[in-house]
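Got your viewer open? Let's take a short walk through this model, one selection at a time.

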Amino acid sequence: MASRTLFRSASISVVDYRCEAGPDDRPFAEQHGAFSISYVRNGAFGYRSRGESYELAAGSMMVGFAGDEYVCTHDHVRGDDCLSFQIPEAVVEALGARKQIFRLGRVPPLPELVVLGELAQAAAEGKSDLGLDEAGMLLAARFVDVVSGSRRRAPEPAPRDRRRAVEAALRMDAQSQEPIDLESAAKAAGLSPFHFLRVFANVLGVTPHQYVVRSRLRHAARLLSESALPITGIALDVGFNDLSNFVNAFRRAAGVSPRRFRQAARGDRRIYQDRLGALAAR
């Protein structure tokens, strides 16, 4: 079993598990170190815990209770990949969940969860402007709603929470070139990470990470339009630590590469000509 921690904070850890075990390999006992939900991306395996046995295929969720022992088997196929979200008891309580729902063992592929599992995978691969910690929190909250049979309505933010969200947005915009994560942003606002994520998204319409990424893109667009700085320098200056991530994020947003956007800003109308023509034809 190969594992790689993709994200770790006091509120959530995200681990990429890749197993190559097959029918000829002897299973062994393991223990859940935290409450967890693990999204099965590929493959299939058996899961035994507390005298119950389950089969999980791609799209299923393995559910773990902190401290419980379990055994994974591969009687039918070789190998599986999982994206595991591990959360402490305090976050379970913040989600409004009864701890016992983490003894379900398995949740079959459900549309309400697989779409968020794939969203989290996109975040893990850097193909979404959603933070991986945010994706994990959203998946955990939806898991609680689905398995408990309830649907929570986001409460109307109190004036104090509205002010906190706006102040946090201003602070993050001013510091968007610095590393900002959900944990630190929530701490600065005086809220728990889950409460901060919910309040911020409810008030501003985007998650904190999305807001930071879009602030960086906004600053980058201005620099591309008004300066002659190298594109690599702009990417680093606005907070992207990887040029390819910047180029991909900017292309998703603008529909063109940073270089082509700069050319359009300098008067090359051909770059957006097709789009302008389509608008005129409506």
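Which strand gives the most to the lining of the largest cavity? Select strand β4, residues 35-49: this strand gives the most, with 3 residues. (Strands are DSSP runs of E with at least two residues, helices are runs of H or I with at least four, and both are numbered from the N terminus.)

Before you go on, a word on what you're looking at. This is a predicted model, where local features need pLDDT of at least 70, side-chain atom pairs count only at pLDDT 80 or more, and totals for chains, interfaces and linings use all residues. Residues are numbered from 1 along each chain as its sequence is written, and side-chain values use heavy atoms, leaving out hydrogens and water.

**Stop 1: the cavity.** Now select the whole lining: Ala 44, Phe 45, Gly 46, Glu 55, Thr 73, His 74, Asp 75, His 76 and Val 77. On a 1 Å grid over the protein atoms alone, a cavity is a set of points where a 1.4 Å probe fits but cannot get out, and lining residues have an atom within 4 Å of a point. The volume here is about 40 Å³, counted as the space filled by probe spheres set on the points, with grid points joined across faces, edges and corners.

**Stop 2: the pocket.** A pocket is an open set with protein on both sides within 12 Å along at least five of seven lines. The largest one has a volume of about 830 Å³. Select His 209, Val 213, Arg 216, Asn 241 and Asn 245, which lie nearest its centre among 34 lining residues. Then colour helix α7, which gives the most to this lining, with 5 residues.

**Stop 3: two helices.** Keep α7 (residues 208-226) and add α9 (residues 243-254): their axes come within 11 Å and cross at roughly 90°. Axes are lines fitted to C-alpha atoms, for helices over the stretch in contact, and angles run from 0 to 180 degrees between N-to-C directions. So α7 and α9 are roughly perpendicular to each other, a label for angles of 65 to 115 degrees. Show Leu 217, Ala 220, Ala 221 and Leu 224 of α7 with Phe 246, Ala 249, Phe 250 and Ala 253 of α9, which make the contact (heavy atoms within 4.5 Å).

**Last stop: confidence.** Colour by pLDDT, the predictor's confidence in each residue, from 0 to 100. The chain's mean is 89, and 93% of its residues reach 70 or more. Finish at residues 278-282, where pLDDT is below 50 and the stretch has 0 contacts beyond near neighbours in sequence.

Notes. Parallel < 35°, antiparallel > 145°, perpendicular 65-115°, else oblique.
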